[in-house]
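The following exercises concern the reading of backbone geometry, burial and surface character from atomic coordinates. Please attempt each task before consulting its solution.

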Amino acid sequence: MASRGNFSSKLGFILAAAGSAVGLGNIWKFPFEAADGGGAAFVLIYLVFAFILCFPVMVTEIAIGRKTQKNPVGAYKALGFKQWQFLGILGICSGVLILSFYNIVAGWAIGYFLEMIQGNFEIGNNFSTYTAQIWKVGLYGALFMAITAFTVSKGISGGIERAAKFLMPSLLLMIIGLTFYAMSLPNASAGIAYYLVPEFSEVTFEVVYNALGQAFFSLSLGMGALITYGSYVSKNDNIINSAAWITVTDVGIAFLAGLMMFPFVSYLTNGTMENFTGGPGLIFATLPGVFRSLGETLGIIVGSTFFLLLSFAALTSTVSLLEVPVTYVVDELKISRKRTVWIVAGLIFLLGVPSLLSNGYSGFFTNFVTYFGAISPTSFMTLIEHIGNDTFLPLGGFLITIFAAYVWKKNNLIEELVQGNEQFRNSWVRKHIDFTVSYLCPLMLGFIFILTFLDRFFGISVF
Ligand code: TRP
């Protein structure tokens with residue numbers, strides 16, 4: 001049998017997995033949720049969730065992958081639980097759905113990079129017209145998917161790992177540079193205060209549950225992306241230690257993104273933070289105005305660096321999303337990687353076309369469904385996001401922990417984690433993982449799944 005490939009080093013794996021984790025979610029969702037959810041209080045809650053709840057799920061996924069050296073579907077079968085293959089299929093579906101719209105936003109990022117280079121800061125005021133220019137954004141989306149596919153087609157060490165070794169350090173340099181620059185602008189401190197001054201009164205139940213959902217998505221959990229990456233990890237590597245690095249990098253970059261974003265917005269609004277909105281609007285509509293106000297030359301430098309940073313962050317994430325179905329097809333159908341990659345990427349791009357049309361171009365897809373009890377309609381793209389991100393991922397995470405703790409059994413998980421890390425056997429981390437994987441994770445993730453499902457599709461808010 002042809003070799004599946006491997007990460008060539010522990011560092012290579014950490015960079016690739018951290019690249020999967022660091023993505024659009026860190027740069028546009030985290031800062032906004034933090035500011036809205038009580039500043040430093042939110043950051044604290046987020047940290048607790050990332051390390052207490054998400055870290056054990058991450059470790060579990062990597063361990064299942066490394067133990068079986070298989071894709072998420074094959075992994076359950078290899079462990080002897082054929083009936084659990086559905087969980088792998090659910091994961092692959094999540095990945096395919098998420099990639100289908102994530103790639104479109106990534107295409108906007110490249111498009112904006114090209115506009116910034118030309119000094120077209122006006123684009124911010126025309127964001128909604130921009131996304132409706134279907135041929136243009138469609139082309140950028142196709143370009144982004146092609147770059148993703150090209151990277152994945154080169155294999156694990158020659159493609160994904162190599163790209164991550166270049167993209168992640170560059171990303172880190174860019175974000176540190178932009179953060180220092182943003183913090184040196186007038187009114188920066190008002191922005192930082194807006195971001196971080198703790199407001200414990202804003203910490204509602206909903207904020208807590210958003211923090212968990214965000215941490216989970218940001219760490220790329222719940223769909224077997226890390227089962228897949230884990231299947232290429234060496235038996236001598238210390239999984240606990242790698243997972244700690246991945247978590248720290250992801251959380252650290254999300255935190256930095258806030259330190260960069262808020263001084264920028266504060267500078268534009270003279271410290272008032274007026275009309276401040278989160279989501280794509282913040283990045284694609286507001287930030288170009290900030291760059292314009294820096295003057296032509298500086299604006300071009302800072303603006304194009306920012307959108308290059310965003311594109312790099314997105315690329316290491318789209319690569320991991322594409323790798324999941326690709327590994328599945330390569331493992332199970334024994335088709336060559338090169339051929340598989342281009343076919344799968346092409347199909348996912350086609351699946352993304354309705355999402356592409358649902359940002360203003362087609363009325364049908366833009367106002368696709370009106371949920372039960374909702375006032376305004378939801379676009380096709382948002383619907384896919386609600387299914388893929390908000391429903392499938394927590395459900396997947398819930399089932400993965402149930403599987404590991406009660407079906408595969410904890411001792412087997414612990415044995416895999418001891419490989420390459422003898423001290424783990426008697427450590428407090430082991431006790432922590434023992435407890436959280438059996439009780440805390442299934443409980444919290446099951447809870448999140450039910451609450452989000454009711455909220456998104458039935459407008460039933462428990463809060
Ligand atoms: N974590 C990435 C982000 O924050 C998105 C992502 C990439 C992802 N791969 C994933 C999310 C797998 C869940 C599962 O943008």
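Four exercises with worked solutions follow.

The model is predicted: local features require pLDDT of at least 70 and side-chain atom pairs count only at pLDDT 80 or more, while totals for chains, interfaces and linings use all residues. Residues are numbered from 1 along each chain as its sequence is written, and side-chain values use heavy atoms, without hydrogens and water.

**Exercise 1. Characterise the overall fold of the chain.**

Step 1. The chain contains 18 helices and 0 strands, where helices (H or I, at least four residues) and strands (E, at least two) are DSSP runs numbered from the N terminus.
Step 2. The radius of gyration of the chain is 21 Å, close to the 23 Å from the globule rule for 463 residues, so the chain is as compact as a globular protein of that length. The radius is taken over C-alpha atoms, and the rule is 2.2 Å times the number of residues to the power 0.38.
Step 3. Along the principal axes, the C-alpha atoms fill a box of roughly 60 × 50 × 45 Å.
Step 4. Of the 463 residues, 60% count as buried (under 20% relative accessible area; exposed is over 50%, partly exposed in between; 1.4 Å probe, protein chains only).

**Exercise 2. Compare the span of helix α5 with its expected value, and describe its setting.**

Step 1. Helix α5 covers residues 85–117; its 33 residues at 1.5 Å a residue should span 48 Å, the expected span being 1.5 Å times one less than the number of residues.
Step 2. The end C-alpha atoms of α5 are 47 Å apart, which agrees.
Step 3. A kink of about 25° is centred on Leu-99; the bend is the angle between axes fitted to the seven residues ending there and the seven starting there.
Step 4. Because 27 of its 33 residues are buried, α5 is largely enclosed by the rest of the structure.

**Exercise 3. Are Ser-220 and Asn-270 buried or exposed?**

Step 1. Most residues other than glycine have a negative phi.
Step 2. Ser-220, not a glycine, has a positive phi of about 60° and lies in the loop between α10 (205–218) and α11 (225–230). With 13% relative accessibility, Ser-220 is buried.
Step 3. Asn-270, also not a glycine, has a positive phi of about 50° in the loop between α12 (239–268) and α13 (279–293). With 58% relative accessibility, Asn-270 is exposed.

**Exercise 4. Locate Leu-44.**

Step 1. Leu-44 is in helix α3.
Step 2. At 55% relative accessibility, Leu-44 counts as exposed.
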